[in-house]
Amino acid sequence: MQKGFPSTIIRYISGEMARTFGLTLSIVTLLWVFVFTLQLVRHQEMGPHQFLAVVPLLVVISLAYTLPIAVLFGVSIAYGRLSAENEFRAMAWNGVHLGWTILPAAAVAVIATCVSLYVNNSAVPYALGKSEEIITSSIMDAVNRQFVLAAQSGEAVQFERALTSLSIDGYDPVSYTHLTLP
């Protein structure tokens, strides 16, 4: 009969959860960011600098969704594997109280809750604000380019996007060097 703290078992369970959590978080976050960037590229005219500035912000925004998924998947895989390999039965036969197996999951739950609270309350609002600024400046730059080209050729301007429609006749690029939002 083993008495005391079963550090080997806790290290094993924690390692299993950490590996699965890390892989799941990275893969699911990459998928989310890929989908978000496809949406941005399809609906916005962005330059390479603006695009590269938005991608890290999209990673932060996606963490609000992918972090809970990764924690759940990591814990499920770790304990499912222990159950499939009859590790719980072996621990009980060797006198290890099965309550010790809950300790890694409880620690992960507390840490994930604290990180999720920070991400949802601080990081995501900041990232959303910065990405909105970048996207808005990208749209305004595209509109300004269209107006300058039309003014140089002496045409009326019609600029339409998914959410915006502008029409200006007689735009003077000398007096209006850059457009701003109202």
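**View 1. Trp 32 and Phe 36 sit about one turn apart in helix H1.** Helix H1 spans residues 7-43, and these two rings are four residues apart within it. Helices here are DSSP runs of H or I with at least four residues, strands are runs of E with at least two, and both are numbered from the N terminus. Keep in mind that this is a predicted model: local features need pLDDT of at least 70 and side-chain atom pairs count only at pLDDT 80 or more, while totals for chains, interfaces and linings use all residues. Residues are numbered from 1 along each chain as its sequence is written, and side-chain values use heavy atoms, with hydrogens and water left out.

**View 2. Three aromatic pairs turn up in the structure.** Trp 32 and Phe 36 make one of them, an edge-to-face pair with 5.6 Å from centre to centre and 65 degrees between the planes. To pair, rings of Phe, Tyr and Trp (its six-membered ring) need centres within 6.5 Å; planes under 30 degrees apart are called stacked, over 60 edge-to-face, and the rest tilted. Are these two buried or exposed? Trp 32 is partly exposed at 30% relative accessible area, and Phe 36 is partly exposed too, at 24%. (Buried is under 20% relative accessible area, exposed is over 50%, and partly exposed is in between, using a 1.4 Å probe and protein chains only.)

**View 3. Trp 32 also stacks with Tyr 65.** Their ring centres are 4.9 Å apart and their planes meet at 5 degrees, so this pair counts as stacked. It ties together distant parts of the chain, as Trp 32 belongs to helix H1 and Tyr 65 to helix H2 (residues 48-84), 33 residues apart. Tyr 65 is partly exposed, with a relative accessible area of 46%. Put the three rings together and you get one aromatic cluster: Trp 32, Phe 36 and Tyr 65.

**View 4. Glu 16 is a buried residue of this model.** Look for Glu 16 in helix H1; with 7% relative accessibility, Glu 16 counts as buried. What does its side chain make a polar contact with? The partner is the side chain of Arg 19, at 2.7 Å. A polar contact is a pair of N or O atoms within 3.5 Å; within protein, one must be able to donate a hydrogen and the other to accept it, and residues adjacent in sequence count only if both atoms are side-chain atoms. Setting aside neighbours within four places in sequence, Glu 16 touches Ala 78 and Arg 81, where contact means heavy atoms within 4.5 Å.

**View 5. The second largest pocket holds about 190 Å³ of space.** Of its 14 lining residues, Phe 21, Val 71, Val 108, Ile 111 and Ala 112 come closest to the centre. H1, H2 and helix H4 (102-153) each chip in at least two residues of the lining. By type, the lining has twelve nonpolar residues, two polar and no charged. (Nonpolar covers Ala, Val, Leu, Ile, Met, Phe, Trp, Tyr, Cys and Pro; charged covers Asp, Glu, Lys and Arg; the others, Gly among them, are polar.) On a 1 Å grid over the protein atoms alone, a pocket is an open set of points with protein on both sides within 12 Å along at least five of seven lines, whereas a cavity is a set of points where a 1.4 Å probe fits but cannot get out; lining residues have an atom within 4 Å of a point. Grid points join across faces, edges and corners, and the volume is the space filled by probe spheres set on them.

**View 6. Val 75 brings helix H2 into the picture.** Val 75 is partly exposed at 21% relative accessibility. Which residues is Val 75 in contact with, leaving aside neighbours within four places in sequence? They are Met 17 and Val 108. Val 75 and Val 108 are 33 residues apart along the chain, with 8.6 Å between their C-alpha atoms.

**View 7. Asn 86 has a positive phi although it is not a glycine.** That phi is about 55 degrees. Asn 86 belongs to the loop between H2 and helix H3 (87-93), and at 43% relative accessibility Asn 86 is partly exposed.
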